[in-house]
Structure formats: C-alpha cells, structure tokens
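Please open the model in your viewer and keep the sequence panel beside it, so that each selection can be followed in both places. The tour moves from the whole chain to its inner spaces and then to a few single residues.

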Amino acid sequence: MSSSFSCCIVFLSVICFCTKICSADSDNLQDTCPTSPSAKQTIFINGFPCKNPNNNIAPDFKTSNLTKAGNTDNFFGSSLNIVTAAEWAGLNTLGLSIARTDIRLDGLVPLHSHPRASELFFVNKGIVLAGFFDTQNRAFQKILKEGDVFVFPRGLLHFSLNAGYDLATAYSVFNSQNPGVVAIAGAMFKTDLDMIYKMTKGFLSDHIKNVTFPDSSSLNRQQFRNFNPII
C-alpha cells in the first residue's frame, strides 16, 4: 500500500511538473479579460485586473501599434517593438504578445533573450540571418527569406541581422503576455559602445564564419569582414 501511494505521488508530481514547463502563462478562467483602464494601480498582481465583461467591446481586441516601421537610426540599425497586454488590452490572460522587428541594410538585432517566452519569428520582407545559442554555446542559425519562420526557445540568447539589399521586416509571436527582454550587452556595458560592439558583432562573427549566404544576399564573406573587423 505504501509503495503504491509513493508511486502515485511521484506520478502526480511528474504530471504537474510537465504541465508547468509546457505552459508559459497561467490559464485564463473566462473567455476574455481585457485589461481594466484604471487610472492608478493600487493592487499588483501577476497580470492585469479585468474590466467588467459587460463593457467589453471589439476595439479591445485590435491593435495598430505594428503598422509603422520602427526607428532604425541607431547604433545597431534595428528596431524592436513588442506589444504586450500592457499596450493591448485584449491580450490580458491569453498568454500571447506580438512584436515587429525592422532592420536596416547591414543592421543587427543584438544578442538578447526573453525569460518568460519562446518566440516564433516570421520574416515578412527581406532576407534575415537568424539564430540562437543553447546552454552549450552551440549556434543554430539559418538564412530566412520572405515567408520563412524560425523559433527561438524560451530564455536562450538569440539574434537577427539583415542579410539582404533592403530594409528587412519580421513579426514575432510570444507565448506570454509579457515575455520580457534581457539585452546582455546593453545591461552590462550600456555606456561603452566599443565593448557593446565586441560583445555583439564580435561574438557573432565567431559563429557566422561558416554560414553560406545565398546569391541574393548582400552579406557575403568579404562584406561580413567589413561588417566586423575582428574576423
């Protein structure tokens, strides 16, 4: 009897553990739960308070925050705009968020991770080299063309860079209403641009040396040497 009880406990523990790691955010308990537009938040919970269901309207479930290209006139030549439940009321409790990435010619989205979500990365325009690094520092990277989709596993460092001749645009979906962003170089060397350069483009150069770029890609081997003098 004792042995059967112990096996049951172990089995239930495994089931609970598997359920936990497969689920990003907690399950919602009603059909929808748009964020309440309260003026001042006095109670802080894991998520946002819901508005009265009788006051839900169709605009709660629509956003236009990703219709315009982001500003790529910066050090890395890229823009990442993540829309979470904080900006889009209808996402609250659904365990989803969305983002738009714009990368100018030879621009780069530096190494970063999302601690609370995996990411599906869809290339809408241009040619993009995308990749991530696992906990053994192995690189998984591919050249993506329009219509291609790549997945960045939760919590792993990943990057993307423009490998085409024009502005590249990609859209991402996360399995969390607040995936979070941890930019390693920016967090550690925010005011040291030379160090940031080495931590991003320098680090990536060691892993991208053997990438075969398609004929339509502007980022061939010689151009990539110019892109990063460390090679």
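What follows is a series of stops, each with something to select and a description of what is there.

**Stop 1: the whole chain**

Begin with the entire chain in a cartoon view, keeping in mind that this is a predicted model. As you trace the ribbon, look for four helices and 10 strands, which run from the N terminus in the order α-β-β-β-β-β-β-β-β-β-β-α-α-α. The chain has 231 residues, and 38% of them count as buried. If you switch to a surface view, the exposed area is about 13,500 Å², of which carbon and sulfur atoms supply 58%. Among contacts in the chain with a separation of 6 or more, 72% link residues that are 24 or more positions apart.

**Stop 2: the largest cavity**

Now turn to the inside of the model. Rolling a probe the size of a water molecule over the atoms shows where empty space is left. Two cavities of 30 Å³ or more are counted here, and the largest cavity holds about 60 Å³ of space.

To see its walls, select Leu80, Thr101, Val109, His112, His114, Glu119, Phe121, Phe152, His158, Phe159, Ser160 and Phe174, which line the largest cavity. Next colour the strands β3 (108–113), β4 (119–125) and β8 (158–162), since each of them supplies at least two residues of this lining. Which element gives the largest share of the lining of the largest cavity? The answer is β8, with three residues. If you colour the lining of the largest cavity by class, you should find six nonpolar, five polar and one charged residues.

**Stop 3: the annotated positions**

Keep the largest cavity in view and select His112, His114, Glu119 and His158, where an unreviewed UniProt entry places the feature "binding site". These positions are spread over 47 residues of sequence, yet they cluster in space, with a largest C-alpha distance of 12.0 Å. His112, His114, Glu119 and His158 from this set also belong to the lining of the largest cavity.

Within this group, centre the view on Glu119, which lies in strand β4. Is Glu119 buried or exposed? Glu119 counts as buried, because its relative accessibility is 4% and the cut-off for buried is under 20%. Leaving aside residues up to four places away in sequence, Glu119 touches His114, Phe150, Val151, Phe152, His158, Ser172, Val173 and Phe174.

**Stop 4: the second largest cavity**

Move on to the second largest cavity, where about 30 Å³ of space lies. Select Lys68, Gly70, Ser79, Asn81, Arg100 and Asp102 to show the residues that line the second largest cavity. The elements that give two or more residues to this lining are β1 (78–83) and β2 (97–103). By class, the lining of the second largest cavity has no nonpolar, three polar and three charged residues.

From this lining, pick Asp102, which is found in strand β2. Asp102 is buried, with a relative accessible area of 1%. Not counting residues up to four places away in sequence, Asp102 touches Ala69, Gly70, Thr72, Gly77, Ser78, Ser79, Leu167, Ala168 and Thr169. You can also draw a distance from Asp102 to Lys125: the two are 23 residues apart along the chain, and their C-alpha atoms are separated by 9.4 Å.

**Stop 5: three loop residues**

Finish with residues in loops. Select Asp106 in the loop between β2 and β3, where the backbone has a positive phi of about 60° although Asp106 is not a glycine. Asp106 is partly exposed, with a relative accessible area of 35%.

Then go to Asn137, in the loop between β5 (128–133) and β6 (139–144). Asn137 has a positive phi of about 65° and is not a glycine, and its relative accessible area of 43% makes Asn137 partly exposed.

The last selection is Gly147, in the loop between β6 and β7 (149–152). Gly147 counts as partly exposed at 46% relative accessibility, and, leaving out residues up to four places away in sequence, Gly147 touches Phe122 and Val123. A distance drawn from Gly147 to Gly126 spans 21 residues along the chain, while the C-alpha atoms of the two are separated by 9.6 Å.

Terms used: Residues are numbered from 1 along each chain as its sequence is written. This is a predicted model: local features need pLDDT of at least 70, side-chain atom pairs count only at pLDDT 80 or more; totals for chains, interfaces and linings use all residues. Side-chain values use heavy atoms; hydrogens and water are left out. On a 1 Å grid over the protein atoms alone, a cavity is a set of points where a 1.4 Å probe fits but cannot get out, and a pocket is an open set with protein on both sides within 12 Å along at least five of seven lines; lining residues have an atom within 4 Å of a point. Grid points are joined across faces, edges and corners, and a volume is the space filled by probe spheres set on the points. Ala, Val, Leu, Ile, Met, Phe, Trp, Tyr, Cys and Pro count as nonpolar, Asp, Glu, Lys and Arg as charged, and the others, Gly among them, as polar. Buried means under 20% relative accessible area, exposed over 50%, partly exposed in between (1.4 Å probe, protein chains only). Contact means heavy atoms within 4.5 Å. Accessible areas come from the Shrake-Rupley method with a 1.4 Å probe; for residues, only the protein chains shown count as cover. UniProt positions are given in the numbering used here, feature names are shortened, and annotations may be inferred rather than shown by experiment.
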